[in-house]
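Thanks for coming, everyone. Please take a moment with the structure on the screen, and then I'll walk you through it.

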Amino acid sequence: MSHNHNDGKSLNRSINPSFHDILQLRLLRRDALKGAASLAVAGAFPLSMSLTGCATGGLKRTGMLGFSRVPLSMADNVRVPDGYTATVLLSWGDPIGHSSGSPAFKHDASNTADEQALQTGMHHDGMHYFPLPHGDHGSVNGLLTINNEYTDDGLLHTDGFANWSAEKVRKSQNAHGVTIVEVRDRNGKWEVVRPSRYARRISARTPVAISGPAAGAPQMQTTADPSGREVLGTLNNCANGYTPWSTYLTCEENWDSYFMNSGTLTPDQVRNGIPPRGRGYRWEEFDERFDAGKHPNEPNRFGWVVEIDPYDPNSKPVKRTALGRFSHEGACHTLGPDGRVTVYMGDDRAFEYIYKFVTRDAWNPRDRDANRHLLDYGTLYVAQFRDDGTGAWVALTHGLNGLTTARGFRDQADVLIRTRAAADTVGATPMDRPEWIAVHPATQEVYCTLTNNVRRGAASERATDKANPRVNNGFGHIIRWREDGNDPATATFKWDIFVLAGDPQHKDPAKRGSINGDAFGSPDGLWFDDGGILWIQTDVSTSAMHKGDYEFMGNNQMLAADIRSGEIRRFLTGPNGCEITGITATPDRRTMFVNIQHPGETSTERNDPKYPKAVSSWPDGALGGRPRSATIVICKNDGGIVGS
Ligand code: FEO
Ligand code: CA
Ligand code: CA
Ligand code: CA
């Protein structure tokens, strides 16, 4: 089962991040290959031995970044710069502090489906901090809304996929969705507040309203919901966003993986990648709605952006269909001069597109309730990147740009449900897997990670263009644009490439990166803090990690970029087999929250309960039983601003 669409094609050239890093990684790799002893050896390289300055010796510390670089790592731990501390706050299975019960995590994964419904979900991804009380800018008490993207059933159940049952399907569904917890800083130590009236799990079983132009459309109606206005659950919640009126946006990414089709796939199911026999979640065996042959409209109810009010634990989440249906990565907003809201969104699949949604009406900062339906009315656009450095946003509006009844689009609901087909029709630019999008807090310049696309330029695939300039793009890049007139709602923009990931000295010019600073590949998470530091998180897939081009790239990592100087400096390295994804901070920027996803992941045998433990025992250590995704808290020891 894989949620990752990286093809993992063999990458067979070495990179050269820095001589000392390579030396260290050779040692670690040699020990890792020897087996369990590697963990002890890795631990013997403390941060004080960090090779600060070796690779970035030519860089002056005059920019925005005030920390000392962290070297590449293959250690089974989290490393942050000298003078910083990272602590684990909330791992998969930890009780959320719901008033109806706080079942403790059982390290043999024997918690029931009902217990999982009161515990933190699995595989943390995007996340946001909302201060308490609402309307405050408090940095010592708030709500964390955390996406739980998917499950590894080998870890989720004591005996993995053996004795597959309705209970196991229900536990997997209850481990998906969103976790909301209240957190507070108590004398310098962050903790989860238990119990809290805000504690909540939204899962793949929670009733969710369907709103906007596609709500109620015939294509959204099912036997269980003839109205087409309520669906059970949200799933594969990947990256995120939030709104100016303090609601959370969670984005459904690889929703297609949960379906199969016992009959014949429809053209739309093919276009969206629904696998005829599924990708191994096996939900349809005990929850028939995931068989698209029996329930052909059920897939139409996934692939949306979902709005959640974290301040009202009784509020019903809402799927906002006006924002389109695809493999939604994130939803990053900015405000126009007239108060209208623009939301930028990537569709993370090879050769898919970048979108933005512009609200019809302005945000009302004085009346929160007046914004309740703001995301239901507006225009969805898709991006064209031209080779001359200009770009255009093409409206996906029924009756415009060829999206007509004559071309097979019956109305706006149809355009939105089949967003990818609509974008194909208007000639959008296929990109190298658009992941997160971040908007600079002052200039409103927009940055987007294109994580990788090894099929770019291959025979019978699409050729390179200026916006996706590398064949066999295994390292990925970050593209950026400025809207003309600095108006986020406008239809034209200018773009350039911020950075090509990969080693700048790579012997193959086609793979050479343009990084001024520390080496990384497969950028994914991307976030501007309020001070304008651009944070980059990497997701080198397990099938590519530590091999070929990635042999000396170490574990996944987080870096900080000073966009003025262009310098990129490594801030954090994660445990073995993990991805770093999800980032938010308190308004005072003195506490940062980051998610460590799928520690211990292997490219094979992901469903064998015994296997991940051989790769990682983070965060609980040898006694913990199995690796767990978790939220960590990062603070500067002197109480200063993180990154400064
Ligand atoms: Fe869930 Fe495209 O990352
Ligand atoms: Ca991602
Ligand atoms: Ca990714
Ligand atoms: Ca992931």
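Let's start with a pair of strands. Strand β26 covers residues 534–538, and strand β27 covers residues 557–561. They pair in the antiparallel sense, over 4 bridges. One of the residues to find here is Ile536, whose bridge partner in β27 is Leu559. A word of caution before we go on: this is a predicted model.

Now zoom out to the sheet. What is the order of its strands? Read across, and you get β24-β28-β27-β26-β25. That is an open sheet of 5 strands, with mixed pairing. At the edges stand β24, residues 516–517, and β25, residues 523–528. Each has a single partner strand, so one side of each is left without a neighbour in the sheet. As a reminder, strands of a sheet pair through backbone hydrogen bonds, either parallel or antiparallel.

Next, the calcium ions. Take ligand 2 first. Which residues supply the protein donors of the calcium ion (ligand 2)? They are Glu329, Glu435 and Asp524, with Asp524 listed for two OD donors. The donors lie 2.2 to 2.6 Å from the ion. Along the sequence, the spacing of the donor residues is E-x105-E-x88-D. The pair Glu329 and Glu435 links distant parts of the chain, 106 residues apart. Glu329 is in the loop between β12 (318–320) and β13 (332–335), while Glu435 is in strand β20, residues 434–439. Both glutamates, Glu329 and Glu435, are buried.

On to the calcium ion (ligand 3). Its coordinating residues are Glu435, through OE, and Asp524 and Asp539, through OD. The distances run from 2.3 to 2.4 Å. Here the donor residues are spaced E-x88-D-x14-D. Glu435 lies in strand β20 and Asp539 in the loop between β26 and β27, so this pair ties together parts that are 104 residues apart in sequence. Glu435 has a relative accessible area of 2%, and is buried. Asp539 counts as buried too, at 6% relative accessibility.

How far apart are the calcium ion (ligand 2) and the calcium ion (ligand 3)? The answer is 3.7 Å, and Glu435 coordinates both.

Let's move to the nonpolar cores. The largest has 65 residues. Which of them touch the most other members? Met345, Tyr355, Val382 and Leu396 do. Look at Val382 with its neighbours within four places in sequence set aside. Its contacts include Tyr353, Ile354, Tyr355, Trp393, Leu396 and Ala423. Apart from the largest core lies another, of 50 residues. Phe67, Leu526, Leu534 and Ile596 are among them.

Now helix α8, residues 419–426. Is it mostly covered or mostly uncovered? Mostly covered: 6 of its 8 residues are buried. Those are Thr419, Arg420, Ala421, Ala422, Ala423 and Val426. The cover over them includes helices α6 (267–271) and α7 (412–417). It also includes strands β15 (350–352), β16 (354–362), β17 (378–385) and β18 (390–395). After α8 comes Gly427, with a positive phi, near 80°.

Last topic: salt bridges. The count comes to 42. Helix α8 takes part through Asp424, which forms a salt bridge with Arg271. The closest N and O atoms of Arg271 and Asp424 are 2.8 Å apart. Arg271 is in helix α6 and Asp424 in helix α8, so the pair ties together parts 153 residues apart in sequence. Arg271 counts as partly exposed, at 25% relative accessibility. Asp424 is partly exposed as well, with a relative accessible area of 33%.

A second example is Asp256 with Arg279, at 2.7 Å, N to O. Asp256 lies in the loop between β10 (248–252) and α6, and Arg279 in the loop between α6 and β11 (305–308), so the pair ties together parts 23 residues apart in sequence. Asp256 is buried, at 0% relative accessibility. Arg279 is partly exposed, at 23%.

Then there is Lys494 with Asp484, whose closest N and O atoms are 2.9 Å apart. Lys494 lies in strand β23 (residues 492–500) and Asp484 in the loop between β22 (477–483) and β23, so parts 10 residues apart in sequence are tied together.

Finally, a network of salt bridges links Asp225, Asp287, Arg289, Glu298 and Arg301. That's my tour, thank you.

Technical notes:
Residues numbered from 1 in each chain as written. Chains lettered and ligands numbered in written order. Predicted model: local features only at pLDDT ≥ 70, side-chain atom pairs only at ≥ 80, totals over all residues. Heavy atoms only, no water. Pairing = 2+ DSSP bridges. Helix = DSSP H or I, 4+ residues; strand = E, 2+ residues; numbered from the N terminus. Core = buried A, V, L, I, M, F, W, Y, C linked by side-chain atoms within 4.5 Å. Buried < 20%, exposed > 50% of the residue type's maximum accessible area, 1.4 Å probe, protein only. Contact = heavy atoms within 4.5 Å. Donors = N, O, S within 2.8 Å, 3.2 Å for Na, K, Ca; no water. Salt bridge = Lys/Arg side-chain N within 4 Å of Asp/Glu carboxyl O.
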